[in-house]
Amino acid sequence: MQGPLPDWVPHRRQQIGAQIREARRRARLSQMQLGERIGRDHKTISRWENGHHPPDLNDLLLIADALDVPLADLVR
């Protein structure tokens, strides 16, 4: 079983959430609109953007495609 996460992980998760939020806003989409494009609830989008729950790789790929940004831009 995995132990507790290093302290930097929650901080990094928040940074990735902020990148998703910024890309979504640049695309002029609401959380609801992005959710509709990728088949996720707007509450899930909110949890990702606020760093409460990390998107998995499949979700990151869907987000990048829906927002027409490179995946690397979301996780820098």
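**Salt bridges and the surroundings of leucine 71**

Four salt bridges are found in the structure, which is a predicted model. Side chains of opposite charge can pair when their charged atoms come close. The pairs described below are taken one at a time, with their place in the chain and their exposure to solvent.

One of the salt bridges joins the side chains of glutamate 49 and arginine 24, with an N to O distance of 2.6 Å. This pair links distant parts of the chain, since glutamate 49 belongs to helix α3 (residues 42-49) and arginine 24 to helix α1 (residues 8-26), with their positions 25 residues apart in sequence. Glutamate 49 has a relative accessibility of 2% and therefore counts as buried, the cut-off being under 20%. Arginine 24 is buried as well, at a relative accessible area of 7%.

A second pair brings together the side chains of arginine 40 and aspartate 59, at 2.7 Å from N to O. Arginine 40 sits in the loop between α2 (31-38) and α3, whereas aspartate 59 sits in helix α4 (residues 57-67), so this salt bridge ties together parts of the chain that are 19 residues apart in sequence. The two partners fall into separate exposure classes: arginine 40 is partly exposed at 33% relative accessibility, while aspartate 59 is buried at 7%.

Aspartate 73 and arginine 76 also form a salt bridge, and their closest N and O atoms are 3.2 Å apart. Salt bridges that share partners also join residues into a network, made up of Arg21, Arg24 and Glu49. For the pair of aspartate 73 and arginine 76, the exposure values are as follows. Aspartate 73 is partly exposed, with a relative accessible area of 27%. Arginine 76 reaches 62% relative accessibility and so counts as exposed, for which the cut-off is over 50%.

The remaining part of the picture concerns leucine 71. This residue lies in helix α5, which spans residues 71-75. Its relative accessible area is 28%, so leucine 71 is classed as partly exposed, between the limits of 20% and 50%. When neighbours within four places in sequence are set aside, leucine 71 is in contact with Leu57, Leu60, Leu61 and Ala64. For one of these residues, leucine 60, the separation from leucine 71 is eleven residues in sequence and 6.9 Å in space, taken from C-alpha to C-alpha.

Conventions
Residues are numbered from 1 along each chain as its sequence is written. This is a predicted model: local features need pLDDT of at least 70, side-chain atom pairs count only at pLDDT 80 or more; totals for chains, interfaces and linings use all residues. Side-chain values use heavy atoms; hydrogens and water are left out. Helices (H or I, at least four residues) and strands (E, at least two) are DSSP runs, numbered from the N terminus. Buried means under 20% relative accessible area, exposed over 50%, partly exposed in between (1.4 Å probe, protein chains only). Contact means heavy atoms within 4.5 Å.
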